[in-house]
Amino acid sequence: MKYFISILIFSVSLSVQAAESLSSKEDAQLLAEAVMESVSKDKLKDGLEKLRPYTVVPVAEFDVQMGQMDMKIPAIAQRFGKSIGYDFVEEEQLGESLIQYVYLQKFEKHVMVWRFIFYKPKDKWLLNTWYFNDQIQLLFKH
């Protein structure tokens, strides 16, 4: 049985507001790990709140998205079951300015893919985009 649930949390271009930056790729990955640690314990909103200081999304937009999670969390739990952990999948760097960390959030009945994309305009990393969905087939190289 295949479920197609694509939940685009935030996909933004860099331009809206100043965000806290991260000193290194390792700091960026530690942020992604902290989010995954929370969401893997069925604390989706707590995990996403960890991203707030680092996002370029306006505060009001972030708050609206967080409010929408109240409706999405029960649907995820009903379809996928309880969250039972996470796995790191890969790090992919493009040039010196973009890096993506990919994780799997494991559930009793299914899995979701999380992507965190960081951008380095000069010497610090900014959280540019993050999202999760259940399109696991896209992880496999054809």
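## A walk through the fold

Of this chain's 142 residues, 42% count as buried. Keep in mind as you look around that this is a predicted model. The surface that the protein chain does expose comes to about 7,800 Å², with carbon and sulfur atoms supplying 54% of it.

Let's get the layout straight. The chain has 3 helices and 5 strands, and if you read along the sequence they come in the pattern β-α-α-α-β-β-β-β. Take the contacts in the chain with a separation of 6 or more: 59% of them are between residues 24 or more positions apart.

Now for the inside. The largest nonpolar core has 29 residues, and L48, L51, W114, F116 and F118 are the ones that touch the most other members. Several elements chip in: α1 (25-39), α2 (44-49), α3 (59-80), β3 (98-107), β4 (111-119) and β5 (126-133) each supply at least two residues of this core. The largest share, 6 residues, comes from α1.

F116 is a good place to park your viewer. Ignoring neighbours within four places in sequence, F116 is in contact with A32, V35, M36, L51, I99, Q100, Y101, Y103, T129 and W130. Apart from the largest core lies another one, of 5 residues, including V102, L104, V113 and L139.

Back to α1, which is worth a closer look. How far apart should the ends of α1 be, given its 15 residues? At 1.5 Å a residue, the expected span is 21 Å, and the end C-alpha atoms are indeed 21 Å apart, so the two agree. Within α1, the buried residues are A28, L31, A32, V35, M36, S38 and V39. These cover an arc of only 165° around the axis, which means that they sit on the same side of α1. Turn to the face pointing away from that buried side and you find the exposed residues E26 and L30. And what do the buried residues of α1 pack against? Their partners are α2, β2 (83-94), β3 and β4.

Time to look at the charges. There are 6 salt bridges in the structure. One of them pairs E37 with K41, with the closest N and O atoms 3.0 Å apart. E37 has a relative accessible area of 35%, so it counts as partly exposed.

Another salt bridge joins E49 and R52, and here the closest N and O atoms are 2.8 Å apart. E49 is partly exposed at 34% relative accessibility, and R52 is partly exposed too, with a relative accessible area of 25%.

Then there is the salt bridge where the side chains of K106 and D87 meet, at 3.8 Å from N to O. This pair links distant parts of the chain, with K106 in strand β3 and D87 in strand β2, 19 residues apart. Are these two buried or partly exposed? K106 is partly exposed, with a relative accessible area of 31%, and D87 counts as partly exposed at 32% relative accessibility. Finally, salt bridges that share partners tie E49, R52 and D63 into one network.

Notes: Residues numbered from 1 in each chain as written. Predicted model: local features only at pLDDT ≥ 70, side-chain atom pairs only at ≥ 80, totals over all residues. Heavy atoms only, no water. Core = buried A, V, L, I, M, F, W, Y, C linked by side-chain atoms within 4.5 Å. Buried < 20%, exposed > 50% of the residue type's maximum accessible area, 1.4 Å probe, protein only. Helix = DSSP H or I, 4+ residues; strand = E, 2+ residues; numbered from the N terminus. Contact = heavy atoms within 4.5 Å. Areas by Shrake-Rupley, 256 points an atom, 1.4 Å probe, with all protein chains shown as cover. Expected span 1.5 Å × (residues − 1). Arc of directions from axis to C-beta. Salt bridge = Lys/Arg side-chain N within 4 Å of Asp/Glu carboxyl O.
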